[in-house]
Structure formats: C-alpha cells, structure tokens
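Got the viewer open? Let's take a walk through this one, one selection at a time.

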Amino acid sequence: MIEAQNLSRRYGDFTAVDGISFSVNEGEILGMLGPNGAGKTTTIRMITGFLPPTSGTVTVAGKDLFESPREARRQVGYLPENVALYSEMRVDEYLAYRARLEGLSRLDLRQAIPLSLERCMLTDVRHQIIGTLSKGYRQRVGLATAILHNPRVLVLDEPTVGLDPKQIISIRELIRQLGREHTLLLSTHILPEVELLCDRVVIIDKGRIIAEGTPQSLRESWTGNPGVRVTLKGAPADAAATLARVPGVVAVKPAGDGSWVLECARGADSREDVFRAAVERGWVLLELGRERGATLEDIFVRLTTHDAAHDAVGAAEAGETPQEVVS
Amino acid sequence: MNGVLATFRRELRAYFFSPLAYVVLCFFLLVSGIIFIFLVGQLNDPRSAGGPPLGFFFRTTWLLLLLIVPVLTMRLISEELRSGSIEVLMTAPVTEGQVIGGKFLAALVFYLFLWLPTIVYALSINLYEKVDWGPVASGYLGILLIGALFVSIGVFASAMTRSQLLAAMITVALLLLLFLLSLFGELTTSDLAKKTLEHLNIWNHIDEFASGIVDTRRLVFYLSGTLFFLFLASRALEDKKWR
C-alpha cells in the first residue's frame, strides 16, 4: 500500500533519514519505532508529501507521490505529531472545511462528516469550539479529519503523546478500530503501544532501519540462548566452576549475592541437572528459575543505545576491558 | 478550485471571528469619517477648487492602507507556519498556489468590506447635490486595484515568516518603499528615472482614478504586480519545505 524506496533527507550537513526502504502492506498496522530524534517524523513527513525527500521515492496505492501528488495524497489520512487545529472554529465547521479541502462534494460531505464524528465518538461535542476541547478530544478531531475522505492509508505520528492514561487507552482503542478498515502506519516511541497494536514493526535509529519484523519474531531472534538463574546459600567458592560443568551450560555469569546466571544451549533446560549438582555437593538452593526472555523493550534498548558510557559499563560488567570492545 | 474555495471560505470566516478585524474596521471608519467631515467642509467652501466631490476623499483615505493592510494580512500564513497547521493543509490534495489564492481573495474581500460603508458618504452627498457616479466608480476601482497589490505584498510577507509581527513589519517596509518611490520620482533630476518612477507613482494613480480616468497602463501595472507577488508568495511557501 505504501512503498518507500531509499528515502533520504538531509538538512544542510545533517542527515536526518539515511536511505530507508520499507513497505506497508494492505490491511496491516505497521509500527515505526525509534527513540526521539531517530528520524521518524521526517520519514512520515516524506511519506505524506509534506517534505520532499533529498533522494528516494514513495508510492501510495500505486501512485507516485511526486509525479501524481494529488491522487497519492487523496489516499492518505494524516495525523501529525502536533495536531494543530483552528481553535476558533467549531468541530463540525472544521470538519466541513477539511472535507472541502479534500475535494469532497456537498453530497459526500453530508454523509462523511456525521460518519467521522461517530467513528471518533465526537458526536456529542460537534458544536463545541475546538479551543475549548481537551487534548484527548482534539486528538480525536485530528483523527476524524484524517478519516473524512475515507483514505486507504492512515498515517499517525505519535498519536498518544501528551495524553493522560485514560485518554491514551481510548485513543488506542480507536486506533485499533480504525486499523480494521484502513491500512495503518503508526509511529511511536512507546513500546507497549507497538506490542498492543502493531502487526509488524520497523525499528529506526539515526535515520536507518536497524530491525524489522513482527513483534514476536523480533523477540525470538533477539532473545538469544535460554538462561537459568541460580542462587546458592553462602555462595560456595567453587560454585562457578561446578556450575560450568553442568551438562547443557554454555557460560556462567556471576550476578552478585551468591547468584549466577547460566547461559544454556538452545533448547536445553538445565534446571534439573543444576539441582542434582547442588544436592551432590550439599549446597542449599535458595533460588532456581528460568531467566525472563528479552522483551521488545530490551531489544529496543540494545539496538538503540550506543553512547560510549553505556558501552564501557556494559563491557566492564561482562568482565572485558573497554579496549577489547573497541577492537 | 476546491482548494481556493475552501481556504477562501475558512479565511473569510476567520476574519469575522477575530477581534482584530473589528478593531481595524472601527479604526478605518473613524478616520475615514473624519476625512469625510473635512470633505463636507471643503465642499461648502466657495473658495475651494472644483472637481469630483469624492476626489479628495479617495486621495487621502487610501493612505490608511499603509497601516491597515499589514494588519489584515500578517496572520494569513504566518499563523499556519507557527501553529503547524500548515502540515495538514499542505498534505491535503491542494497546491501552494491554491492556498495562497484562497487566502489572498479572503483578505481582499474583507478589505472591500471595510470600504463598503463609505458608499454612504457618496449617497449622503447625493442628497444635497447630484453626484457624478462615474468618478466615484473609478475611484473605487482604484481602491480595489491598489488594495489588491498591497494585499498581495502582505500575503507574500506572511508566507516568508512564522512571526506575525515580522510579517507585518516586512509588509510595512515594502509598502513604504513603494510609496516613497512616488516621492523619489518628484525629487530626481534624471529624466529617465523620473519617467520610470512616474509609472510607479501611486499618488498620481489614485488622483487619476478619483477624477474618473481609467488608464489601461494602471490596470496592467496593478494586476501584474498583484500576480507577481502572489507568485512569490507561493514560491516562498514551497521553499519552506526544503529547509
């Protein structure tokens, strides 16, 4: 539905987006995830035709955004990051204005406006002046204008930013409903949002795509080997060496306070062998359990954290010297 | 066409909803009313020079445009740039030119609305002495043409910056420059410069219009000038994308 090919955007010497290619398939909800400043908004602005890319192409529903901008834009409903509305207008007046701007006929307009109002649960406030609405309602007005012309694609840039928890829940519910009828591209830096809403995720950092896949496949490919956590009373001196000899154990990492994290071979569950080893030596097992697999959050942090300080700390924790990491 | 019409309707509404527009309207009516009082005094003075009764009125009142037009146009695009509503506007299936055109027309119509009550002055003179409507009509034509050029300059300035204040100041500066060219034309001793600047002399133009002369050269000057600045405005708006 949306094809972005090699999109780049430079502001002077600064490259905000650096050769991004991805596609949004018909009917899916694609999440675009990335820390602040990763280039999400710039990418989205290029897809909606607000910013021309320095290089690359975008097609929406088969229409090239730069060769036939009007046809392509007609297929897109856009909710920008900062929803700027004309605060002196009433909700229904504003929708009527937007509908005319989209080129809806008088007849279509009369059907489209009540429908949008209803879908965004705005019917009760349709005569209110926009300036008097809460931020949650304004966000809904923004969504209502995005779906007015019944576009095939909806592009939402951080739709829940700045809302209170209750509003966030209701906007998410609304997005999920809209996702049933429209193809959706959703940008966010909030991870649970992606896990809750999206069929597929693209992770962007520093203007590049660094990972792509379903939330599940991302989690699986980044989880690594299964782990087992062991805590022994009194922290016996030869514990690390003994644990390393347990069948299936690949590596032993001390976790402090007499705890160790054992990295096991893929598919192996070494808990039983650890238990037997402890009994054999007469150690008291205080804790024995599976380590929690990586969440999308861990993956995200791992992928997007790259400042020197963090790398140095990570290296020290792993018992390596920073020099080794550099080389 | 949809884009022009939709923007036009929304901008015109916005004028009637904003307090600023009413302040401008009151100011304009007050000053033009005072000018009218002088005019009546002048008409009653047997020593005054003859001529069309409203000539003096047009000749002086147009000066108000230097103050009024910047205030009317400063908001038009600057506000969209500042608030960010330009983003949803320019991702709708409309072109920069259509948006500029719609906003320009809205400002021009509101500008004409300012002048609407001044027809009462002509009508009230008509009660006492028969007014020759020809020069009155051409006077209003001049007001329309000069207004269109000024408003297009204001729209251009507004498309250049997100600050309304700056937009107003750029407009004032450009209008003053245009206005001063008239004076330079009278001061210069070079024949060529004098002849060239004569064509830019708004003082003379309004004099002509007010006395019933409609010169096609003036029509061409004002219409092409207006289109030129509207073109610049849409380029300025387009240019915002590339930064």
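Before the first stop, one cut-off: two residues count as in contact here if their C-beta atoms, placed from the backbone, lie within 7 Å. Keep in mind, too, that this is a predicted model.

**Stop 1: where the chains meet.** Select the contact between chain A and chain B. Chain B puts in 19 residues and chain A 20. Now keep just the side of chain B that touches chain A, and colour helix 1 (2-17) and helix 6 (86-90) of chain B: these are the elements that give two or more residues to that side. Helix 1 of chain B supplies the largest share, seven residues. Colour that same side of chain B by residue class and you get ten nonpolar, six polar and three charged residues.

**Stop 2: chain A as a whole.** Hide chain B for a moment. Chain A splits into domain 1, covering 2-220, and domain 2, covering 225-290. Put a marker at the C-alpha centre of each domain of chain A, and the two markers sit 49 Å apart.

**Stop 3: a sheet in chain A.** Next, pick out the open sheet of four strands in chain A, which runs in the order 2-1-4-5 with antiparallel pairing. Which strands stand at the edges? They are strand 2 (14-24) and strand 5 (63-64) of chain A; each has a single partner strand, so one side of each has no neighbour in the sheet.

Zoom in on strand 1 (residues 2-11) and strand 4 (residues 55-60) of chain A, an antiparallel pair joined over five bridges. To find your place, click A:I2 and look across to A:V60 in strand 4 of chain A, which stands opposite. Then bring back helix 1 (residues 40-47) of chain A: this helix packs on the sheet and touches strands 1, 2 and 4 of chain A. Its direction makes about 120 degrees with that of strand 1 of chain A.

**Stop 4: two helices in chain B.** Switch to chain B and select helix 7 (residues 96-115) along with helix 13 (residues 216-239). Their axes are 9 Å apart, and they pack at an angle of about 130 degrees. That angle falls between 115 and 145, outside the roughly perpendicular and roughly antiparallel ranges, so helix 7 and helix 13 of chain B are oblique to each other. The crossing is right-handed.

Show side chains for B:E96, B:G97, B:I100, B:G101 and B:F104 in helix 7 of chain B; they meet B:L230, B:A233, B:S234, B:L237 and B:E238 in helix 13 of chain B. By class, this helix-helix contact has five nonpolar, three polar and two charged residues.

How values were computed:
Residues are numbered from 1 along each chain as its sequence is written. Chains are lettered from A and ligands numbered from 1 in the order in which they are written. This is a predicted model: local features need pLDDT of at least 70, side-chain atom pairs count only at pLDDT 80 or more; totals for chains, interfaces and linings use all residues. Domain bounds come from an automatic or database domain assignment. Ala, Val, Leu, Ile, Met, Phe, Trp, Tyr, Cys and Pro count as nonpolar, Asp, Glu, Lys and Arg as charged, and the others, Gly among them, as polar. Two strands pair if DSSP finds at least two bridges between them. Axes are lines fitted to C-alpha atoms, for helices over the stretch in contact, and angles run from 0 to 180 degrees between N-to-C directions. Angles under 35 degrees count as roughly parallel, over 145 as roughly antiparallel, 65 to 115 as roughly perpendicular and the rest as oblique. A crossing is left-handed if the near helix is turned anticlockwise from the far one by less than a right angle, and right-handed if clockwise.
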